Amino acid sequence: MFEYGLITAAAFFAGILNAIAGGGSFLTFPALVYIGIPPVPANATSAVAVFPGYFSSTIGYIEEIKAFDRKQLWQLILMACAGGIAGAMLLLITPGALFRGLAPWLLLLATLLFAAGDKISLWMERQRNGGGNAEARSHPLAVLLVSTYGGYFNGGLGIILLALFSAMGFRDLNLMNGLKNGLSFLLSAVSVLTFAIAGVVHWPQALVMMLFATIGGFVGARIARKLPRAWVKRFIVTVGALMTIAFFVFQ
């Protein structure tokens, strides 16, 4: 009962955090490791628990996505799916002991990326030139590499995708957010399917966490209108830092 209470609470608050500012994996992954699930299956189960939220986030930007160049969109979709599968396969062949050693460094990277998110967004705003996306060009290899990271360990994925789109010449932030959410959903979906086929997902925990993460997402959408985002972000960065320190100390 304690274990299920812990992971349902982690999933619920992860849903809230993802709806407000992101960073839910800082709660779900450590919670699964804490209850005794090995790091690789814990990462796979965490991915299953939180990925449905990407879909609803994508719907909010569907008009911008529909207006985007079809050829480039399909390029991005194919690279995201290929990268998601590649990252998942890479995780599956990573020895548990090696991933346990990598986990604190991955958490540290994700925390730093999340902490720098506003500065990256500010830099992107400064790059805006009012020219829309006429000069934007997708770079399949870059998208493939970032998607591979997302399939392997998706902490900080959204920030990396936004920075990549900006470097490609995209200037419409609504379109960038739509593509970020859509590609995150697709690469997470194929990686989750890969994990499921490989049999590394702990389904009893995953299904319960999916339910509570979804409920948390609805609650978070309401809270997002009332709480200052800066407060929430500081809390997430603090949680990420504490989880990182804990993994370095107790791995």
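Me: Accessible areas come from the Shrake-Rupley method with a 1.4 Å probe, and for residues only the protein chains shown count as cover. What area does the protein chain expose?

Reply: The protein chain exposes about 12,200 Å², and 69% of this is supplied by carbon and sulfur atoms. This is a predicted model, in which local features need pLDDT of at least 70 and side-chain atom pairs pLDDT 80 or more, while totals for chains, interfaces and linings use all residues. Residues are numbered from 1 along each chain as its sequence is written, and side-chain values use heavy atoms, with hydrogens and water left out.

Me: How many helices and strands are there in the protein chain?

Reply: Counting DSSP runs from the N terminus (H or I, at least four residues, for helices; E, at least two, for strands), the protein chain has 13 helices and zero strands.

Me: How do you know that the span of helix 9 agrees with its 13 residues?

Reply: The expected span is 1.5 Å times one less than the number of residues. Helix 9 (residues 140–152) should therefore span 18 Å, and its end C-alpha atoms are 18 Å apart, which agrees.

Me: Which residues of helix 9 are called buried?

Reply: Those with under 20% relative accessible area (1.4 Å probe, protein chains only) include Val143, Val146 and Tyr149. In the protein chain, buried residues make up 48% of the 251 residues.

Me: What makes the lining of the largest cavity polar or nonpolar?

Reply: Ala, Val, Leu, Ile, Met, Phe, Trp, Tyr, Cys and Pro count as nonpolar, Asp, Glu, Lys and Arg as charged, and the others, Gly among them, as polar. The lining therefore has nine polar, eight nonpolar and no charged residues.

Conventions
Buried means under 20% relative accessible area, exposed over 50%, partly exposed in between (1.4 Å probe, protein chains only).
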